[in-house]
Amino acid sequence: MFKNERGFTLIEMLIVLMIISVLIILIVPNLSGKSEEVNEKGCEALVAVVQAQVDTFYLDYDRYPEDLMELQNKEYITDNQRSCSDQQKLQYKNGRVYIDE
């Protein structure tokens, strides 16, 4: 009686591992340069979110907040929303939020 023993041979497994290794070698260097771009986009998104909260504050109180601390005290933003992940501080002046550069 014959048994149907299907599976991968050692050579097939080594070929698959080699292909995966080559793909990793090609992909990893491309990912390392993207972190700066991701931080920049994330910071721009945070500015947009905080600006929306400034506008919401204006709608609620019919005036702009004095500073970002007032937004935080009234729980429109949290403490970690006052700076980006790369430690750039958000600045606020005349109803506009921007990145301190």
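Glu 75 is exposed, with a relative accessible area of 72%, and this residue of the predicted model belongs to the loop that runs between α3 and β1. Its backbone deserves a careful look, since the phi angle of Glu 75 is near 65°, a positive value in a residue other than glycine. A second case of this kind is Asn 94, where phi is near 55°, again positive although the residue is not glycine. Asn 94 sits in the loop between β1 and β2, the latter strand covering residues 96-99, and with a relative accessible area of 70% Asn 94 counts as exposed, because a residue is called exposed when that value is over 50%.

The loop between α3 and β1 also holds Gln 87, which at 60% relative accessibility is counted as exposed. When Gln 87 is compared with Val 50, the two turn out to be 37 residues apart in sequence, while their C-alpha atoms are separated by 16 Å in space.

Within this loop the reader also meets one end of a covalent link. How many disulfides does a search of the whole structure find? The search finds one, and this disulfide is formed by Cys 43 and Cys 84, whose sulfur atoms are 1.7 Å apart. The pair links distant parts of the chain, for Cys 43 is in helix α2, residues 34-61, while Cys 84 is in the loop between α3 (68-73) and β1 (90-93), with 41 residues separating the two. The link of Cys 43 and Cys 84 is right-handed, with an angle of 65° about the S-S bond. Are these two cysteines buried or exposed? Cys 43 and Cys 84 are both buried, so each of them has a relative accessible area under 20%.

Helix α2, where Cys 43 is found, carries further residues that can be followed one by one. Gln 51 lies in this helix and is buried, its relative accessible area being 11%. Although Gln 51 and Gly 95 are 44 residues apart in sequence, their C-alpha atoms are 8.1 Å apart in space. Gly 95 can also be paired with Glu 66, for these two are 29 residues apart in sequence and 8.7 Å apart in space, C-alpha to C-alpha. Glu 66 itself is found in the loop between α2 and α3, and with a relative accessible area of 65% Glu 66 is exposed.

Helix α2 also contributes to a charged part of the surface. Glu 36 has its place in helix α2, and Glu 37 lies in helix α2 as well. The two can be described separately in terms of exposure: Glu 36, with a relative accessible area of 60%, is exposed, whereas Glu 37, with 43%, is partly exposed. Which residues gather in a patch of negative charge on the surface? They are Glu 36, Glu 37, Glu 40, Glu 44 and Asp 86. Residues enter such a patch when their relative accessible area is over 30% and they have no salt bridge, so the 43% of Glu 37 is enough for a place in the patch even though Glu 37 is partly exposed. As a contrast in distance, Glu 37 and Arg 63 are 26 residues apart in sequence, yet 35 Å lie between their C-alpha atoms in space.

Arg 63 leads on to the salt bridges, of which a search of the whole structure finds two. In one of them the side chains of Arg 63 and Glu 70 meet, with a distance of 2.6 Å from N to O. The partners can be set side by side: Arg 63 is partly exposed, with a relative accessible area of 32%, while Glu 70 is buried, with a relative accessible area of 13%. The other salt bridge joins Arg 82 to Asp 79, and there the closest N and O atoms are 3.8 Å apart. That pair counts as a salt bridge because a side-chain nitrogen of Lys or Arg has to be within 4 Å of a carboxyl oxygen of Asp or Glu. Arg 82 has a relative accessibility of 26% and therefore counts as partly exposed.

Technical notes. Residues are numbered from 1 along each chain as its sequence is written. This is a predicted model: local features need pLDDT of at least 70, side-chain atom pairs count only at pLDDT 80 or more; totals for chains, interfaces and linings use all residues. Side-chain values use heavy atoms; hydrogens and water are left out. A disulfide is a pair of cysteine sulfur atoms within 2.5 Å. Helices (H or I, at least four residues) and strands (E, at least two) are DSSP runs, numbered from the N terminus. Buried means under 20% relative accessible area, exposed over 50%, partly exposed in between (1.4 Å probe, protein chains only). Patches are made of residues with over 30% relative accessible area and no salt bridge: like charges are joined within 9 Å, nonpolar side chains (Val, Leu, Ile, Met, Phe, Trp, Tyr) within 5 Å. Accessible areas come from the Shrake-Rupley method with a 1.4 Å probe; for residues, only the protein chains shown count as cover. Lys and Arg count as positive and Asp and Glu as negative; His and the chain ends are not counted. The place of a charge is taken as NZ of Lys, CZ of Arg, CG of Asp or CD of Glu.
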